[in-house]
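Hi,

Here is the structure I promised to pass on. Have it open while you read, and the notes underneath should be easy to follow.

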Amino acid sequence: MLSFETEDRIAKFLLFISDNHQSINLLRRELNSQISFDPFCVYTRLDRAYKGHIDYMDLIFFFKDHMIYCSADEARSIITWYDSDGDSILSYGEFIQMIL
C-alpha cells in the first residue's frame, strides 16, 4: 500500500501529464495549420549528421540552438515516448506521428 504522500505525488504527476498532453495537441494543430509547414524539412534540420533518424543528441542540440535547456534524460524521455518500435531513435514515420 502506498503512503498518502506518494499517492498525492502520483496524482499531481498524472494531472501534470494530462495538462501537458492537452497543450501538446493544441500546439500540433497550430503547427499543422501553417501553410508553409514542411515536416520533412524539420526532420532533416533535426538530423544534422544525415543518419536517417533522430536520436537524443539531435534533440539536445536542437534545443540548445533555440536556447532551451534539455538534459540527456529529458531528451531520452521524449524519444522513448514517441518511439513505437523501441529502438531508441525516431525514424521519419515516428517523427510524423509525433508532430501530426
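Below is what I found, going through the model one region at a time. Keep in mind that this is a predicted model.

**The loop after helix 2**

Let's begin with D47, which sits in the loop between helix 2 (39-46) and helix 3 (56-65). Is D47 buried or exposed? Its relative accessibility is 5%, and the cut-off for buried is under 20%, so D47 counts as buried. Its side chain is also busy with the backbone of the loop. It reaches the backbone nitrogen of K51 at 3.0 Å, and a polar atom of the D47 side chain lies 2.8 Å from the backbone nitrogen of G52. If you skip residues up to four places away in sequence, D47 touches G52, H53, I54 and D58.

That last one, D58, deserves a look of its own. D58 belongs to helix 3, and with a relative accessible area of 5% it is buried. Which side chain does the side chain of D58 make a polar contact with? The partner is K51, at 2.8 Å. So K51 turns up twice here, because its backbone nitrogen is reached by the side chain of D47 and its side chain pairs with that of D58, a residue that is itself buried at 5% relative accessible area. Leaving out neighbours within four places in sequence, the contacts of D58 are L46, D47, R48, K51 and H53.

Further along helix 3 you'll find F62. This one counts as partly exposed, at 27% relative accessibility. With neighbours within four places in sequence set aside, F62 is in contact with L46 and R48, and both of those are also on the contact list of D58. As for distances, the C-alpha atoms of F62 and S33 are 22 Å apart, with their positions 29 residues apart along the chain.

**Helix 2 and what packs on it**

In helix 2, the residues P39, Y43 and L46 are buried. They cover an arc of only 65° around the axis, so they are on the same side of helix 2. What covers them? Helix 3 and helix 5 are included in the cover.

The pairing with helix 5 (92-99) is worth turning on screen. The axes of helix 2 and helix 5 come within 11 Å and cross at roughly 115°, and the crossing is right-handed. On the helix 2 side you have P39, F40, V42, Y43 and L46, and these meet Y92, F95, I96 and I99 of helix 5. Sorted by class, this contact has nine nonpolar residues, no polar ones and no charged ones.

**Helix 4**

Helix 4 (72-82) has A75, I79 and Y82 as its buried residues. Looking down the axis, these fall within an arc of 80°, so they line one face of the helix. D73, T80 and W81 are exposed on the other side of helix 4.

**Two unusual backbone angles**

Some background first: most residues other than glycine have a negative phi. Two residues in the loops go the other way. M67, in the loop between helix 3 and helix 4, has a positive phi near 55° and is not a glycine. M67 also counts as exposed, at 78% relative accessibility. The other is S88, in the loop between helix 4 and helix 5, which has a positive phi of about 65° although it is not a glycine either.

**R29, L100 and G86**

Lastly, a few distances across the chain. R29 lies in helix 1 (residues 4-33) and is exposed, with a relative accessible area of 57%. How far apart are the C-alpha atoms of R29 and L100? They are separated by 7.8 Å, although the two residues are 71 apart along the chain. Then there is G86, placed in the loop between helix 4 and helix 5 and exposed at a relative accessible area of 59%. The C-alpha atoms of G86 and R29 are separated by 26 Å, for residues 57 apart along the chain.

Shout if you'd like to go through any of it together.

Cheers

Technical notes: Residues numbered from 1 in each chain as written. Predicted model: local features only at pLDDT ≥ 70, side-chain atom pairs only at ≥ 80, totals over all residues. Heavy atoms only, no water. Helix = DSSP H or I, 4+ residues; strand = E, 2+ residues; numbered from the N terminus. Buried < 20%, exposed > 50% of the residue type's maximum accessible area, 1.4 Å probe, protein only. Polar contact = N/O pair within 3.5 Å; in protein donor to acceptor, adjacent residues only side chain to side chain. Contact = heavy atoms within 4.5 Å. Axes fitted to C-alpha atoms, helices over the stretch in contact; angles between N-to-C directions. Left-handed = near helix turned anticlockwise from the far one by under 90°. Nonpolar A, V, L, I, M, F, W, Y, C, P; charged D, E, K, R; others polar. Arc of directions from axis to C-beta.
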